[in-house]
Amino acid sequence: MFGDDEARGPRPLPARRALVDDVYDAVLGLLMDRVIEPGARVNIDAVARDLDVSPTPVREALTRLEAEGLVAKRALKGYVAAPLLDAAGLRDLYDMRELLEPEAARRASANLDDDAESELAESVVQMRAASAPDEDERFRNYRQFIDEDLRFHHLIAENAHSPLLAEAILRLRSHMHLYRLNFRHDFEDDTLSEHESILAALRRRDPAAAAEAMRTHIANSYERLGPAIARQAENASE
């Protein structure tokens, strides 16, 4: 993994857009995949070598990621990947989600077009496929499931037609993605059912029902994840 360690080998960049956008996506992927561990120093030169680019676009990508709270710049250390939130931080994150995401669902219910509805429905289909038992592809399916969970919430945020609201939600969801990769537990069936309820309300163009379905989903999500964080904190203090 990165940090002060050597890079694990070339990671090809996505198809070319603006170089800094490609590098941003690649570095974000390293954080999300835990190739760069939470709390680890980001070795800019190693990342640049691994992506076969100069250090300049890597620094620009890290500046963007710092604004999103996923890395921090430390004196004498350079950039450091954000640590995972503690139990209190996770509770605060969910409180913010409960304020923002039901409102995004309420607004999206009025703004959703056919294409966006189809994308949300496809996300649910992909989540259902990824939740099917498959011991040979268990981690791969798990990763696909949480990626689709992220996509589903991002689509709703984007269709709220409020750039500031969407930006705030996307930032929170990036932190959630790190937690989902760190804490595996059996939540797929419940999450899928709750996404289906949100989608059904959006399809009916029912703002109140969409907001309530999202609020219920977030509350249930915390109940599923919160105990795992508490247990980790207890184990760390022993």
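This is a guided tour of one protein chain, stop by stop.

**Before you start**

The model is predicted: local features need pLDDT of at least 70, side-chain atom pairs count only at pLDDT 80 or more, and totals for chains, interfaces and linings use all residues. Residues are numbered from 1 along each chain as its sequence is written, and side-chain values use heavy atoms, with hydrogens and water left out.

**Stop 1: the whole chain**

Show the chain as a cartoon. Look for nine helices and two strands. Both kinds of element are DSSP runs numbered from the N terminus: helices are H or I with at least four residues, strands are E with at least two. From the N terminus on, the order reads α-α-α-β-β-α-α-α-α-α-α.

Now colour by accessibility. Of the 238 residues, 47% count as buried. Buried means under 20% relative accessible area, exposed means over 50%, and partly exposed lies in between (1.4 Å probe, protein chains only).

**Stop 2: helix α1**

Select residues 19-32, the 14 residues of helix α1. How far apart are its end C-alpha atoms? They are 20 Å apart, which agrees with the 20 Å span expected at 1.5 Å a residue. The expected span is 1.5 Å times one less than the number of residues.

Show the side chains of α1. Buried residues here include Asp-22, Val-23, Tyr-24 and Ala-26. Val-27, Leu-28, Leu-30, Leu-31 and Met-32 are buried too.

Stay on Tyr-24 and add Arg-64. Arg-64 lies over the face of Tyr-24, at 3.9 Å from the ring centre. A charge sits over a ring if NZ of Lys or CZ of Arg is within 6 Å of the ring centre and within 35 degrees of the ring normal.

Step just past the helix. Arg-34 takes a positive phi of about 65 degrees.

**Stop 3: the largest pocket**

Rolling a probe the size of a water molecule over the atoms shows where empty space is left. The largest pocket holds about 410 Å³ of space. To find its centre, select Tyr-24, Leu-28, His-154, Leu-170 and Ser-174, the closest to it of the 17 lining residues. A pocket is an open set of points on a 1 Å grid over the protein atoms alone, with protein on both sides within 12 Å along at least five of seven lines; lining residues have an atom within 4 Å of a point. Grid points are joined across faces, edges and corners, and the volume is the space filled by probe spheres set on the points.

Which helix supplies the largest share of the lining? That is α7, with seven residues. Helices α1, α6 (138-158) and α7 (163-182) each supply at least two.

Colour the lining by residue type. Eight residues are nonpolar, three polar and six charged. Ala, Val, Leu, Ile, Met, Phe, Trp, Tyr, Cys and Pro count as nonpolar; Asp, Glu, Lys and Arg count as charged; the others, Gly among them, count as polar.

**Stop 4: helix α7 and helix α4**

Select Leu-165 in helix α7. Leu-165 counts as buried because its relative accessibility is 11%. Add Leu-100: the two are 65 residues apart in sequence, yet 7.1 Å apart in space, C-alpha to C-alpha.

Go on to Arg-106 in helix α4. At 37% relative accessibility, Arg-106 counts as partly exposed. Add Ile-156, which is 50 residues away in sequence and 9.4 Å away in space, C-alpha to C-alpha.

**Stop 5: the aromatic pair**

The whole structure has one aromatic pair. Select Tyr-94 and Tyr-222: they meet edge-to-face, 5.2 Å centre to centre, with 65 degrees between the planes. Tyr-94 is in α4 (residues 87-111) and Tyr-222 is in α9 (residues 207-237), 128 residues apart. Rings of Phe, Tyr and Trp (its six-membered ring) pair if their centres lie within 6.5 Å; planes under 30 degrees apart count as stacked, over 60 as edge-to-face and the rest as tilted.

Both Tyr-94 and Tyr-222 are buried. Add Arg-91. Its charged end sits over the ring of Tyr-222, 3.9 Å from the centre.

**Stop 6: two loops**

Most residues other than glycine have a negative phi. Select Asp-52, in the loop between α2 (44-51) and α3 (55-67). Asp-52 is not a glycine, but its phi is positive, about 60 degrees. Is Asp-52 buried or exposed? Asp-52 is exposed, with a relative accessible area of 67%.

Last, select His-161, in the loop between α6 and α7. Its phi is positive as well, about 55 degrees. His-161 is exposed, with a relative accessible area of 54%.

Technical notes:
1 Å grid on protein atoms, 1.4 Å probe; cavity = no way out; pocket = protein on both sides within 12 Å on 5 of 7 lines; lining within 4 Å.
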